[in-house]
Amino acid sequence: RVMVVESGGDSVQTGGSLRLSCAASGITYTTYCMGWFRQAPGKEREWVAAIYSGAGRANYADSVKGRFTISHVEARNTLYLQMNNLKPEDTAMYYCAADSPCSGRAARSGDASDFDYWGQGTQVTVSS
């Protein structure tokens, strides 16, 4: 059974930085997609960024491009989201998601329904 557990959420001021972590376990296939989504109160879940094990690049939502960096350390089975220059509109619950096996579609689509496994979320609050 695949499990993902997020950590690293906190409260920061505008312009600050945070690094979220997502520890994954139970992924037995060689192909996988992993990504970050976020959901603010009263809003729909929004795709942030994703990676595919078979590709050399990550994909980002326009709203975070240039500020956020997604990475994966396979030896630790851990996904990271480095968030810089945070803005109040980045305030949300951040969720880690995984899909395995994965053809790469989930990492490109930005569609939450393409991911099968979800964590409980970690809260990020950015104050002005």
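**Exercise 1. What percentage of the 128 residues in the chain do buried residues make up?**

Solution. The model is predicted; local features need pLDDT of at least 70, side-chain atom pairs count only at pLDDT 80 or more, and totals for chains, interfaces and linings use all residues. Residues are numbered from 1 along each chain as its sequence is written, and side-chain values use heavy atoms, with hydrogens and water left out.

Step 1. Fix the classes: buried is under 20% relative accessible area, exposed is over 50%, and partly exposed lies in between (1.4 Å probe, protein chains only).

Step 2. Under these classes, 45% of the 128 residues are buried.

Step 3. Turn to the surface as a whole. By the Shrake-Rupley method with a 1.4 Å probe, the accessible surface of the chain is about 6700 Å², and carbon and sulfur atoms hold 45% of that area.

**Exercise 2. Describe the order of the elements and the overall dimensions of the chain.**

Solution. Step 1. Helices (H or I, at least four residues) and strands (E, at least two) are taken as DSSP runs, numbered from the N terminus. The chain has one helix and 11 strands.

Step 2. Read from the N terminus, the order is β-β-β-β-β-β-β-β-β-α-β-β. The radius of gyration is 14 Å, close to the 14 Å of the globule rule for 128 residues, so the chain is as compact as a globular protein of that length. The radius is taken over C-alpha atoms, and the rule is 2.2 Å times the number of residues to the power 0.38.

Step 3. Along the principal axes, the C-alpha atoms fill a box of roughly 45 × 25 × 25 Å.

Step 4. Contact means heavy atoms within 4.5 Å. Of the contacts between residues at least 6 apart in sequence, 60% join residues at least 24 apart.

Step 5. For charge, Lys and Arg count as positive and Asp and Glu as negative, without His and the chain ends; each charge is placed at NZ of Lys, CZ of Arg, CG of Asp or CD of Glu. The mean positions of the 12 positive and 12 negative charges are 4 Å apart.

**Exercise 3. Which residues do ring pairs link into a cluster?**

Solution. Step 1. State the rule: rings of Phe, Tyr and Trp (its six-membered ring) pair if their centres lie within 6.5 Å, and planes under 30 degrees apart count as stacked, over 60 as edge-to-face and the rest as tilted. The count by this rule is three aromatic pairs.

Step 2. Phe37 and Phe115 have ring centres 5.4 Å apart and planes at 80°, so this pair is edge-to-face. Phe37 belongs to strand β4 (residues 33–39), while Phe115 sits in the loop between α1 (105–109) and β10 (117–118), so the pair ties together parts that are 78 residues apart in sequence.

Step 3. Phe115 also pairs with Trp118, again edge-to-face, at 6.4 Å centre to centre and 70° between the planes.

Step 4. The cluster is therefore Phe37, Phe115 and Trp118, linked by ring pairs.

Step 5. Check accessibility. Phe37 is buried at 1% and Phe115 is buried at 4%, whereas Trp118 is partly exposed at 26%.

**Exercise 4. Locate the cis peptide bond and the non-glycine residues Asn77 and Asn85 with positive phi.**

Solution. Step 1. Recall the background: most residues other than glycine have a negative phi, and most peptide bonds are trans.

Step 2. The bond between Ser100 and Pro101 is cis, with omega about 0°. Pro101 lies in the loop between β9 (92–99) and α1.

Step 3. Asn77 has phi near 50°. Its place is the loop between β7 (68–73) and β8 (78–83), and Asn77 is partly exposed at 40% relative accessible area.

Step 4. Asn85 also has phi near 50°. Asn85 is in the loop between β8 and β9 and is partly exposed at 43%.

**Exercise 5. With which residues is Glu46 in contact, leaving aside its neighbours within four places in sequence?**

Solution. Step 1. Glu46 is in strand β5 (residues 46–52) and is partly exposed, at 32% relative accessibility.

Step 2. With those neighbours set aside, Glu46 is in contact with Phe37, Arg38 and Ser63.

Step 3. Compare Ser11, a residue of strand β2 (residues 11–13) that is exposed at 54%. Glu46 and Ser11 are 35 residues apart in sequence and 20 Å apart in space, C-alpha to C-alpha.

Step 4. From Ser11 to Ser113 the separation is 102 residues in sequence and 29 Å in space, C-alpha to C-alpha.
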